[in-house]
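Here are a few short exercises to work through with the model open in your viewer. Try each task before reading its solution.

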Amino acid sequence: MSFSSHHPFAGAVHRTASSLHVVGCLLLTLACSATTLPAMAQDEGLVLYENVRIFDGLGDALSPASNVLVRGNVIDTISVDPIEADGAEIIDGAGRTLMPGLIDAHWHTTMVGITPEEGLANDLGYSTIIAVKEAEAALMRGFTTVRDMGGAAFSLKRAIDEGLVVGPRIYPSGAIITVTSGHGDFRALHELPRAVGDLTRVEELGMAMVADSPDEVRMRAREQLMLGAVHIKLTAGGGVASPHSPLDVSTFTSEELRAAVEAAENWGTYVAVHAYTTEAMQRAMEAGVKVIEHGHLIDDETAKMMADKGVWLSTQPFDESFEQAISLPEANMQRLREVITGTDRLYGFTKQYGIKTAFGTDILFSSQMAQTQGHMLTLLQRWFSPAEILKMATATNGELLQLTGPRNPYPGTIGVIEKGAFADLLLVDGNPLENINLVANPDNFVVIMKDGNIHKNTIAASGASIGVGNPYPVSKYMCEDGTRLAVRLMGESASVSVNDAAEVILPSMGADGTTFSNGPLTLTIVQGRLSWGVGRAVPSACSDA
């Protein structure tokens with residue numbers, strides 16, 4: 001039984017996978033989906049997107065039908081002409097939209113899946129496991145990068161970067177720095193008074209650090225930078241979920257804010273502050289703060305001040321739907337309603353004065369709410385066109401990330417499709433410039449690539465292929481006719497089974513066109529990869545099982 005040779009198809013298998021994830025799946029004999037495992041970057045791994053229309057993160061329209069070659073973890077070539085790339089994994093876009101991965105400029109990697117009470121009570125290891133799950137979920141919603149604005153995300157970031165677990169790029173701030181009673185101070189009243197030098201539970205967990213003088217602020221900021229923070233987060237005013245600080249409260253003094261700014265600038269990076277009120281925002285900007293988070297209670301004078309100083313606004317389109325989605329005590333809900341009433345005025349000012357505006361979600365303490373991450377982009381339709389929305393969540397957010405300067409954990413161009421930029425890409429089944437609602441449903445992302453690694457590919461194709469030498473130990477496929485294929489790679493050799501029965505063992509790879517067969521199954525080397533099929537006719541489509 002034989003196959004005719006064919007080009008390797010995208011989505012047959014990822015180039016490699018996290019050994020931790022795979023081994024765990026084998027030991028537990030779980031049905032793990034290959035589409036969520038990372039294809040860890042190879043130095044010269046090639047992926048070629050053919051027949052795609054590109055939203056590059058900067059323009060207002062899609063490109064003509066184009067081709068994009070990814071080499072390693074960066075975009076190598078963009079052309080309307082065919083691209084020759086021997087050995088490349090081919091993804092036939094069939095006219096779909098190729099766009100940069102989404103960026104969430106205000107995310108809490110370690111706080112999204114737990115309530116405050118759970119976070120304080122749980123063992124840190126257990127909370128981290130929950131955070132691992134939420135990080136993978138964020139990536140599979142198309143968010144290839146997040147700007148973490150508070151929490152102990154350093155270890156998870158490292159694990160993601162090393163390929164041990166799956167998740168987006170993380171730009172961490174480390175612990176939120178707060179004053180006593182400020183937003184971020186989740187201590188119980190029985191933990192007062194605080195003795196200088198003693199750490200309470202919230203501080204031990206790295207969720208927040210309390211600082212009540214310029215010297216303490218300077219120390220806490222330096223500690224977070226030492227741990228790996230790439231920017232510093234302070235709470236300059238009260239918040240919606242604050243257990244102790246009303247919304248109108250201004251917290252840090254000008255001297256304390258300047259101490260943080262000085263510490264950050266000495267490291268070549270910047271300070272961002274949580275602030276809703278004009279007093280908190282103006283005091284922060286006068287101290288040299290570069291980014292205001294939220295800002296919903298802004299006024300005309302403050303908006304003009306932001307524009308004149310070139311200060312960034314990182315904010316969220318909170319609307320009435322959040323009242324039904326969030327469960328808080330009535331006093332906190334009243335604060336939420338006040339914030340919501342300011343959303344329309346806030347975005348009006350951003351357009352009036354041309355304020356540099358980033359998109360974030362600030363979803364906290366709810367795994368269910370986290371699933372609305374993409375949906376929150378669609379709420380911006382009230383003020384912006386689909387192209388403006390997508391630019392905000394890609395190229396504009398990517399520009400904000402560059403404020404980290406030499407502390408940038410991922411030096412390079414991010415949030416755009418251009419030669420040399422990071423290959424963080426989404427292939428969308430449809431045109432999001434015509435229908436922004438497509439980004440609300442991750443099912444519309446048929447391919448998700450981060451750092452040149454394919455984490456999801458649901459495009460069906462005929463046959464299947466895999467490259468020998470790939471350390472992904474077992475690859476499984478299901479064909480339309482019910483045939484199950486499995487390949488075990490062992491360095492320069494491989495074994496292949498059909499319907500759980502061993503059929504072919506390959507001692508080594510041969511030249512292009514070399515065929516191996518054992519009756520029921522024939523394998524052919526095509527461009528340095530194995531292609532296979534079952535039956536004497538054209539093979540039925542096989543995809544990741």
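**Exercise 1. Find out how far the prediction can be trusted.**

Step 1: The protein averages a pLDDT (the predictor's confidence in each residue, from 0 to 100) of 81, and 76% of the residues score at least 70. This is a predicted model, so local features need pLDDT of at least 70 and side-chain atom pairs 80 or more, while totals for chains, interfaces and linings use all residues. Numbering starts from 1 along each chain as its sequence is written, and side-chain values use heavy atoms, leaving out hydrogens and water.

Step 2: Look at residues 1–43, where pLDDT stays under 50, and at residues 460–473, where pLDDT also stays under 50. Where pLDDT is low, don't read the predicted coordinates in detail.

**Exercise 2. Work out where the salt bridge partners Asp451 and Arg169 sit.**

Step 1: A salt bridge is a side-chain nitrogen of Lys or Arg within 4 Å of a carboxyl oxygen of Asp or Glu. Asp451 and Arg169 fit, at 2.9 Å, N to O.

Step 2: In sequence they're 282 residues apart. Arg169 belongs to strand E8, and Asp451 to the loop between strands E17 and E18 (strands are DSSP runs of E, at least two residues, numbered from the N terminus).

Step 3: Both residues are buried (under 20% relative accessible area, 1.4 Å probe, protein chains only).

**Exercise 3. Now place the pair Lys304 and Asp308.**

Step 1: Their side chains meet in a salt bridge at 3.1 Å, N to O.

Step 2: Both lie in helix H9 (a DSSP run of H or I, at least four residues), 4 residues apart, about one turn.

Note on methods:
Contact = heavy atoms within 4.5 Å. Buried < 20%, exposed > 50% of the residue type's maximum accessible area, 1.4 Å probe, protein only.
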